[in-house]
Amino acid sequence: FTHVTLGSYVGLTVDYDGDRPLLKGLRSNGKHVGVEGLSSGTRDQLFLALRIAALEQHLATGGKALPFIADDLFINFDDERAAASFSVLADLATRTQVIYLGKV
């Protein structure tokens, strides 16, 4: 998430509203931002980061390599964040098949 947001967020945290867990982005100044406070592009980047993290965890535990298929993934990304995300996908492609559908 840090890489695809170009450092705007330094990580993710889990907070709780009673018993309900809430995922929040962590800014470098220590501020926590809930998913509802993220722009649509940053929410898409969070979703991408979580999908990749799940696949990487699967691979790290000996799971079978599964293809990662992305369709029009970067529609809400600015050019800089799209470029950063392509580099993440290129790294992922060293461990499993990555299929990108959409305009480059």
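## Close-up views of a predicted chain

Of the 104 residues in this chain, 30% are buried (buried means under 20% relative accessible area, exposed over 50%, partly exposed in between, with a 1.4 Å probe and protein chains only). The model is a predicted one, where local features need pLDDT of at least 70 and side-chain atom pairs count only at pLDDT 80 or more, while totals for chains, interfaces and linings use all residues. Numbering starts from 1 along each chain as its sequence is written, and side-chain values use heavy atoms, with hydrogens and water left out.

**View 1. The whole chain, with two helices and five strands.** Helices (H or I, at least four residues) and strands (E, at least two) are DSSP runs, numbered from the N terminus. Reading from the N terminus, the order is β-β-β-α-β-α-β. The C-alpha trace spans about 40 × 35 × 20 Å along its principal axes. Take the contacts (heavy atoms within 4.5 Å) with a separation of 6 or more: 52% of them are between residues 24 or more positions apart.

**View 2. Helix α1, residues 40-60.** From first C-alpha to last, the 21 residues of α1 reach 30 Å, close to the 30 Å expected at 1.5 Å a residue (the expected span being 1.5 Å times one less than the number of residues). Which residues of α1 are buried? They are Gly41, Thr42, Gln45, Leu46, Leu48, Ala49, Ile52, Leu55 and Leu59. An α-helix has 3.6 residues a turn, so residues three or four places apart point the same way. The cover over the buried residues of α1 includes β1 (11-17), β2 (20-26), β4 (68-71) and α2 (79-92). Just past the end of α1, Gly62 has a positive phi of about 85°.

**View 3. The largest nonpolar core, 19 residues.** Such a core is a set of buried Ala, Val, Leu, Ile, Met, Phe, Trp, Tyr and Cys residues joined through side-chain atoms within 4.5 Å. Leu48, Phe68, Phe74 and Leu89 touch the most other members. At least two residues come from each of α1, β4 and α2, and α1 gives the most, with six. Zoom in on Leu89: leaving out residues up to four places away in sequence, Leu89 touches Leu48, Ile52, Phe68, Leu73, Phe74 and Val98. In soluble globular proteins, nonpolar side chains tend to be buried together.

**View 4. Strand β4 beside strand β5.** β4 shows a covered face, made of Phe68 and Ala70, and an uncovered one with Ile69 and Asp71. Four bridges join β4 to β5 (residues 98-101), and the two run parallel (strands pair if DSSP finds at least two bridges between them). Phe68 has Val98 as its bridge partner in β5. Between these strands the chain passes through α2, giving a right-handed β-α-β crossover; right-handed here means that, with the strands pointing away from the viewer, the path from the first strand over the helix to the second runs clockwise. Tyr100, also in β5, is in contact with Ala70, Leu73, Phe74 and Phe86, leaving aside neighbours within four places in sequence.

**View 5. Lys24 in strand β2.** What does the side chain of Lys24 make a polar contact with? Its partner is the side chain of Asp15, at 3.2 Å. A polar contact is a pair of N or O atoms within 3.5 Å; within protein, one must be able to donate a hydrogen and the other to accept it, and residues adjacent in sequence count only if both atoms are side-chain atoms. Not counting residues up to four places away in sequence, Lys24 touches Gly11, Leu12, Thr13, Asp15, His32, Val33 and Gly34. The C-alpha atoms of Lys24 and Tyr100 are 28 Å apart, with their positions 76 residues apart along the chain.

**View 6. Ser85 in helix α2.** Ser85 is buried, with a relative accessible area of 0%. The Ser85 side chain reaches the backbone oxygen of Arg81 at 2.9 Å. Setting aside neighbours within four places in sequence, Ser85 is in contact with Val4, Leu48, Phe74 and Phe77.

**View 7. Arg95 in the loop between α2 and β5.** Is Arg95 buried or partly exposed? Arg95 is partly exposed, at a relative accessible area of 36%. The Arg95 side chain reaches the backbone oxygen of Asp91 at 3.2 Å and makes a polar contact with the side chain of Thr94 at 3.5 Å. Not counting residues up to four places away in sequence, Arg95 touches Glu56, Leu59 and Ala65. Arg95 and Ala65 are 30 residues apart along the chain, yet their C-alpha atoms are separated by 7.5 Å.
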